[in-house]
Amino acid sequence: MKNVAILYAESQFTPWRENINLNTVLQIHKAIPNNLNVTIVHMTEPNYSLASLLRQFEWVLNLCYGFGRHSQADIAMWLDKNSIPHLSSNGIAQYIAQDKLTAEKKLFESGMNVPVSLDSPLKLTHEYYISKPRLGGCHRDIEIVPQNEVLLHWQRWKIEGKLVQPYLIGREFSVAILPTMDGRDFMALPPLEIIPIPAKKVFIAGSSMGKTKRDFTPNLSVMELNNIQSAALKSHHILNLEYMSRVDIRMINEIPYVLDVNTMPNLHPTQSMFPALLKNHKIGMQIFIERLINYHDKKMKDVKLNNQLHPESLVDIFA
C-alpha cells in the first residue's frame, strides 16, 4: 500500500486567511482511494525536518495556501527544491501566475485578451478603473474609481505597488480546469456566472463591494460558452499550470477577457467555487481526486521514460 500525505495549514496560519480547516481536510481525506495509506500533515515553518518527513511519501496532496509570511507559491517552490512530489503546479508557474503583472504580460503576448495595466494616467479611455495589489489575493485591497478620480489616487497606488487597469463592464464568469479522467489532458467545465445583487455594472465577486450570487446555468450562446471555456483552458496552458486551476473571465460582446488565474483554487466543500462547479457537473470529490492521481501517475511515467531515453538530461544534484 502506497503512503501519501495531505499537507495543509489552518486558515489563521495562511497569509490571506483562506477558507481551510481540519473539516475541509477530512472531506478530502475521505475522497482519497482506500488503497492508499493517507497521513494528514499540518504545515509548519518550512525546514529540514518537515522536508525529511514529506519525502517519505509517494506524493503530497498540497492544500497549503501559504504559511505565515510564505505564499502558496513559496510553499510549492519549497516542495520542488526538496524533491517532494506534490499534486499542484510547480513553484515557478505559481510565482508567475501570482504576479498579476507578469501573468498579464505573458497572456497578452500569447494572444489572450486581458485588461492591460496602465503606465500613465494621462490617456484614460474607460469609464471606471480598478487598482489591485500586484501580488495580492482574495479580492483584498481592491479599489474601483471613476475615470475622473484616477489622477487623485495614482501616486498613492504606485507607492503601494498596485496595478491600475481599466475596469471592464460586462458579465463575469469563473471556470474550473481539471484533468481528464485518463490523466492525459485538461478540460474546462462550463462556467458559473457571478451576478451582483441588486444588478449593477460595477462589482467584485464576493461581498467586498456588495452581495453577489452564483448562477450555475448562465444564459450563454454556444459561441459564448466555447469562447469562455477555450480562453480559460488556453490560459492554464500558457501559464504552464498543472493539476487544477480556476480562471476568472469578464465577457464583453462575446469576447472573453482573462481577469485572474488561481493556481490552487480553494477546496472548501461549501464556500468555494471550484468544489461547487464540480458538484454542479456531477463530478464528486472522489472522482476529482482520482483524476489528480491519474494525471500525476501519467506525468511520472512520462518523466521516467524520458530519463531512460535521454539519460544525458539527468542532472547530478551532488555535482
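This briefing covers salt bridges, nonpolar cores, a cavity and a few individual residues of one structure. The model is a predicted one. A search of the whole structure finds 12 salt bridges. The largest nonpolar core has 65 residues, and another core, of 16 residues, lies apart from it. The count of cavities of 30 Å³ or more comes to one.

**Salt bridges**

- Side chains of opposite charge can pair when their charged atoms come close.
- Glu127 and Lys201 meet through their side chains in a salt bridge, with 2.9 Å from N to O. Glu127 lies in the loop between helix 5 (100-109) and strand 4 (128-133), and Lys201 lies in the loop between strand 9 (192-197) and strand 10 (211-215), so the pair ties together parts that are 74 residues apart in sequence.
- Both partners of that bridge are partly exposed: Glu127 has a relative accessible area of 42%, and Lys201 has one of 38%.
- Arg171 and Glu193 form a salt bridge whose closest N and O atoms are 2.8 Å apart. This pair links distant parts of the chain, with Glu193 in strand 9 and Arg171 in strand 7 (residues 171-179), 22 residues apart.
- Glu193 is buried, with a relative accessible area of 8%, whereas Arg171 counts as partly exposed at 29% relative accessibility.
- Asp302 and Lys298 form a salt bridge as well, and their closest N and O atoms are 2.7 Å apart. Both residues lie in helix 9 (residues 285-309), four residues apart, which is about one turn of the helix.
- An α-helix has 3.6 residues a turn, so residues three or four places apart point the same way.
- Lys298 counts as partly exposed at 23% relative accessibility, and Asp302 is partly exposed with a relative accessible area of 36%.
- A network of salt bridges links Glu143, Arg156, Glu160 and Lys162.

**Nonpolar cores**

- In the largest nonpolar core, of 65 residues, those with the most contacts inside it are Leu61, Leu63, Phe288 and Ile289.
- Ile289 is in contact with Ile28, Ala31, Ile32, Pro33 and Leu61, leaving aside its neighbours within four places in sequence.
- The other core, which lies apart from the largest, has 16 residues, among them Leu50, Cys64, Ile75 and Trp78.

**Helix 3 and its surroundings**

- Helix 3 is mostly covered, as seven of its 10 residues are buried.
- The buried residues in helix 3 are Gln72, Ala73, Ile75, Ala76, Met77, Trp78 and Leu79.
- Strand 1 (2-8), helix 2 (48-54), strand 3 (60-63), helix 4 and strand 12 are the elements that the buried residues of helix 3 pack against.
- Ser83, just after helix 3, takes a positive phi of about 55 degrees.
- Ser89 is found in the loop between helix 3 (72-81) and helix 4 (91-98). At 0% relative accessibility, Ser89 counts as buried.
- Not counting residues up to four places away in sequence, Ser89 touches Ala76, Gln94, Leu241, Glu242 and Tyr243.
- Ser89 and Ser230 are 141 residues apart in sequence, and their C-alpha atoms are 20 Å apart in space.

**The cavity**

- Rolling a probe the size of a water molecule over the atoms shows where empty space is left.
- The largest cavity holds about 140 Å³ of space.
- Its lining is made up of 14 residues, of which Lys100, Ala103, Glu104, Leu259 and Asp260 lie nearest the centre of the cavity.
- Helix 5 and strand 12 (255-262) each supply at least two residues of the lining.
- By class, nine residues of the lining are nonpolar, one is polar and four are charged.

**Phe108**

- Phe108 has its place in helix 5.
- Phe108 touches Val114 and Val116, not counting residues up to four places away in sequence.
- Phe108 and Cys64 are 44 residues apart along the chain, and their C-alpha atoms are separated by 29 Å.

Notes:
Residues are numbered from 1 along each chain as its sequence is written. This is a predicted model: local features need pLDDT of at least 70, side-chain atom pairs count only at pLDDT 80 or more; totals for chains, interfaces and linings use all residues. Side-chain values use heavy atoms; hydrogens and water are left out. A salt bridge is a side-chain nitrogen of Lys or Arg within 4 Å of a carboxyl oxygen of Asp or Glu. Buried means under 20% relative accessible area, exposed over 50%, partly exposed in between (1.4 Å probe, protein chains only). A nonpolar core is a set of buried Ala, Val, Leu, Ile, Met, Phe, Trp, Tyr and Cys residues joined through side-chain atoms within 4.5 Å. Contact means heavy atoms within 4.5 Å. On a 1 Å grid over the protein atoms alone, a cavity is a set of points where a 1.4 Å probe fits but cannot get out, and a pocket is an open set with protein on both sides within 12 Å along at least five of seven lines; lining residues have an atom within 4 Å of a point. Grid points are joined across faces, edges and corners, and a volume is the space filled by probe spheres set on the points. Ala, Val, Leu, Ile, Met, Phe, Trp, Tyr, Cys and Pro count as nonpolar, Asp, Glu, Lys and Arg as charged, and the others, Gly among them, as polar.
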